[in-house]
Amino acid sequence: MTAGRIIAAGLVLLSAAALAGDRDERGPIIDVHLHAYGSDAFVQPSPNPVTGQVPELRSEAEHMQATLAAMHRYNIVRGYVSNDNSPLEVLRRWRAADPVRIVATPYFEGTPGSPLPAIAALRTEYAAGWLGAMGEIGAQYGGLSADDPKLAAYFALAEELNLPVGIHTGLAAAGTPYRCCPAFRVSLGNPRLLEEVLIRHPKLRLYLMHGGWPYLEDTKAIMNMYPQVYADLAVIDWIIPREEFHDYLRALLRAGLGQRLMFGSDQMLWPEAIGMAVEGIESASFLTPEQKRDIFYNNAARFLRLGEE
Ligand SMILES: [Zn+2]
């Protein structure tokens, strides 16, 4: 072993100890919103929109390993991973890599890159027992309102199978209709559009992804009227300006919704987003330690009925 290698080995040991220390101090976290990708996504990966850093990851396997390492580092004991614009098969490999930590959940949006799956085929996959939830349903990208008849069969299936369902609400990358998704419309992200779905499916276990931001009034209105609805804080906890996120989070708490907000990272191509999202919650000085524990773990454990496992 050369000196260089010894020094490198020493650094690895030091950082491993530091990580273990972090993990001990931090209680368990459930991340209800992560994504997996096939290797195609890493041919020319987009930079992290906050840091500007281009990921050095070059394959599905490297991305998965880096994401699992970040989950381990932040004591994320369960992650709900969907296959953003990638084949469902990617999720089988993630689940095989860590069957305790990873819950596989199909992504679809109704675009050419992510078509709505045939309902019979989807039912077969659920019957096989390897998928644990439904969504992210990215209907806004496909120009579909949440109450579009094309989505009705999916909500009916989720209600029948008692599956948690995550639906994209609120924001997307600037210029989305000019790039990937010409049918995308800002107005289709309003959580208010879920009302007819909730009327038709009163037992549906629905959560609003991205907490409905920036539709604060409509998010409060829907969550107030339908107490079964939860929300995740994914992506808004690291992409939007921190002060804006904290104002929004505080407004949801002030409205009495603190027991229904769940941590999500929306880790996409950038595993470091997990730490950035954790920091977004931890830096909210107005939260009590109990409120942080609710967001990081307790609310999701209740919504996902983990106590029943
Ligand atoms: Zn997402």
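Select alanine 231 in this predicted model: its bridge partner in E8 is leucine 261. Extending the selection to strand E7 (residues 230-232) and E8 shows two parallel strands joined by 2 bridges.

Next, display the whole sheet to which these strands belong. It is an open sheet of 5 strands, ordered E4-E5-E6-E7-E8, with parallel pairing. Strand E4 (134-137) and E8 form the edges, each pairing on one side only.

Move now to the E4 edge and select methionine 134, which stands opposite valine 165 in E5. Here E4 and strand E5 (residues 164-168) run parallel and are joined by 2 bridges. To follow the connection, trace the chain from E4 through helix H5 (residues 152-161) to E5; this β-α-β crossover is right-handed.

Then centre the view on the zinc ion. Which protein atoms are its donors? They are His33 (NE2), His35 (NE2), Glu136 (OE) and Asp266 (OD), at 2.0 to 2.6 Å from the ion. Along the chain, the donors follow the spacing H-x1-H-x100-E-x129-D. Angles among the 4 donor atoms span 77 to 164°, and the site is irregular.

Finally, keep histidine 35 and aspartate 266 selected. This pair links distant parts of the chain, 231 residues apart. Histidine 35 belongs to strand E1 (residues 29-35), whereas aspartate 266 lies in the loop between strand E8 (261-262) and helix H9 (273-282). Are these two residues buried or exposed? Both histidine 35 and aspartate 266 are buried.

Key
Residues are numbered from 1 along each chain as its sequence is written. This is a predicted model: local features need pLDDT of at least 70, side-chain atom pairs count only at pLDDT 80 or more; totals for chains, interfaces and linings use all residues. Side-chain values use heavy atoms; hydrogens and water are left out. Donors are N, O and S atoms within 2.8 Å of the metal (3.2 Å for Na, K and Ca); water is not among the atoms, so sites may look incomplete. Four donors count as tetrahedral if all angles lie between 85 and 135 degrees; four count as square planar and six as octahedral if opposite donors are over 155 degrees apart and all others between 65 and 115; anything else is irregular. Helices (H or I, at least four residues) and strands (E, at least two) are DSSP runs, numbered from the N terminus. Buried means under 20% relative accessible area, exposed over 50%, partly exposed in between (1.4 Å probe, protein chains only). Two strands pair if DSSP finds at least two bridges between them. A crossover is right-handed if, with the strands pointing away from the viewer, the path from the first strand over the helix to the second runs clockwise.
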